[in-house]
Amino acid sequence: MSGAARNSAVVIGASGGIGGAFEAALLEEGAFDVVYGFARKRSGADHLDLLDEASIAAAAARVAAGPPPSLVIVATGLLHADDLGPEKALRDLDPDWMARLYAVNAIGPALVAKHFLPLLPKPKGAGQVKPVFAALSARVGSISDNQLGGWHGYRASKAALNMLVRNLAIEERRRNDRAIVVALHPGTVDTALSRPFQSNVQPGKLFDAERAALQLLDVIEGLKITDSGKLFDYEGNEVPF
């Protein structure tokens with residue numbers, strides 16, 4: 001990912017499998033003057049908790065003091081925790097668990113956008129890096145692609161994220177018509193999030209985190225202004241909402 005000097009990249013969720021791989025890949029590429037990695041499990045200036053807007057605002061203020069971020073990636077997600085996981089039927093619905101899924105998978109990324117989108121630079125000429133805000137979503141959040149049902153809370157929270165991405169793209173276009181806001185489907189990645197559900201993955205479709213991050217960075221590299229507000233998979237194909 002080439003571009004002019006004095007820019008930065010931001011990875012939210014850098015302590016996770018895919019987030020950590022994003023951070024490592026961006027540091028190795030060396031295309032950005034600064035790579036910021038924020039996560040709930042990190043301390044001090046690198047701490048960011050999606051459930052704590054003050055921590056999101058503090059992270060954004062730190063980034064605002066340096067080179068402008070040409071790339072912001074929200075690499076977070078919640079599918080299961082403790083003894084809670086995807087519902088198989090309506091009888092399994094739990095309002096507190098659904099609220100937690102929405103808080104992490106939809107509201108949190110929206111708050112990140114609230115504080116970080118205004119920091120994206122406005123390119124003034126050809127050859128400048130296109131600013132991109134990308135949030136990890138999932139194919140199961142596509143309403144039109146849903147043929148199996150189940151996983152009510154997770155599906156609904158990712159569908160909400162997809163709608164937010166579309167809304168954010170429309171609003172951001174009014175402020176910065178060169179910015180791109182997208183949702184990305186990484187496929188099934190060998191991380192703690194997917195580990196309990198990997199037995200049904202087709203051969204060759206379980207990706208390690210490094211491969212997943214590199215595939216999505218390639219997708220980001222190929223994005224056009226007209227792609228803003230859409231969901232793309234790891235091969236660069238649009239996934240209908």
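The paragraphs below lead through the central sheet, the helices that pack in this structure, and three residues in their surroundings.

The model is predicted, so that local features need a pLDDT of at least 70 and side-chain atom pairs count only at pLDDT 80 or more, whereas totals for chains, interfaces and linings use all residues. Residues are numbered from 1 along each chain as its sequence is written, and side-chain values use heavy atoms, with hydrogens and water left out.

The sheet is a suitable place to begin. It is an open sheet of 6 strands in the order β2-β1-β3-β4-β5-β8, with parallel pairing; helices (H or I, at least four residues) and strands (E, at least two) are DSSP runs numbered from the N terminus, and two strands pair if DSSP finds at least two bridges between them. The edges are taken by β2 (34–38) and β8 (231–233), each of which has a single partner strand, so one side of each is left without a neighbour in the sheet. From one strand to the next the twist averages 20 degrees, where axes are lines fitted to C-alpha atoms, for helices over the stretch in contact, and angles run from 0 to 180 degrees between N-to-C directions. Helix α4 packs on this sheet and touches β4, β5 and β8, its direction making about 160 degrees with that of β5; contact here means heavy atoms within 4.5 Å.

Within the sheet, strand β1 (residues 8–12) pairs with β3 in the parallel sense over 5 bridges, and Ile-12 has Val-74 in β3 as its bridge partner. Strand β3 (residues 69–74) in turn pairs with β4, again in the parallel sense, over 4 bridges, and Val-72 stands opposite Phe-133 in β4. On to strand β5 (residues 180–185), the pairing with β4 is parallel and runs over 5 bridges, with Val-181 in β5 as the bridge partner of Phe-133.

Strand β4 (residues 132–136) deserves a closer look: 5 of its 5 residues are buried, so this strand is largely enclosed by the rest of the structure. Buried means under 20% relative accessible area, exposed over 50%, and partly exposed in between, with a 1.4 Å probe and protein chains only. Val-132, Ala-134 and Leu-136 point one way from β4, while Phe-133 and Ala-135 point the other way, and all are buried.

The helices come next. Two packed helices are described by the angle between their axes and the distance between the axes. Helix α3 (residues 95–116) and helix α4 (residues 152–175) pack at an angle of about 15 degrees with their axes 8 Å apart, and α3 and α4 are therefore roughly parallel to each other; angles under 35 degrees count as roughly parallel, over 145 as roughly antiparallel, 65 to 115 as roughly perpendicular and the rest as oblique. The crossing of α3 past α4 is right-handed, a crossing being right-handed if the near helix is turned clockwise from the far one by less than a right angle, and left-handed if anticlockwise. Residues of α3 in this contact include Met-98, Leu-101, Tyr-102 and Ala-113, and those of α4 include Gly-153, Tyr-154, Leu-164 and Leu-168. By class, the contact of α3 with α4 has 13 nonpolar, 3 polar and 1 charged residues, where Ala, Val, Leu, Ile, Met, Phe, Trp, Tyr, Cys and Pro count as nonpolar, Asp, Glu, Lys and Arg as charged, and the others, Gly among them, as polar.

Helix α3 also packs with helix α2 (residues 53–64), at an angle of about 35 degrees and with the axes 9 Å apart, and the crossing of α2 and α3 is right-handed. Among the residues that meet there are Ile-56, Ala-60 and Val-63 in α2 and Leu-111, Val-112 and Phe-116 in α3. This contact of α2 with α3 divides into 8 nonpolar, 2 polar and 2 charged residues.

Three individual residues complete the picture. Ala-113, in helix α3, is buried with a relative accessible area of 2%, and, leaving aside neighbours within four places in sequence, Ala-113 is in contact with Pro-118, Phe-133 and Leu-168. The C-alpha atoms of Ala-113 and Val-181 are separated by 9.5 Å, although the two residues lie 68 residues apart along the chain. Asn-176, in the loop between α4 and β5, is buried with a relative accessible area of 2%, and its contacts beyond four places in sequence are Leu-120, Pro-121, Lys-122, Pro-123 and Pro-131. Gly-187, in the loop between β5 and β6 (188–189), is buried with a relative accessible area of 17% and touches Phe-207 and Tyr-234, not counting residues up to four places away in sequence.
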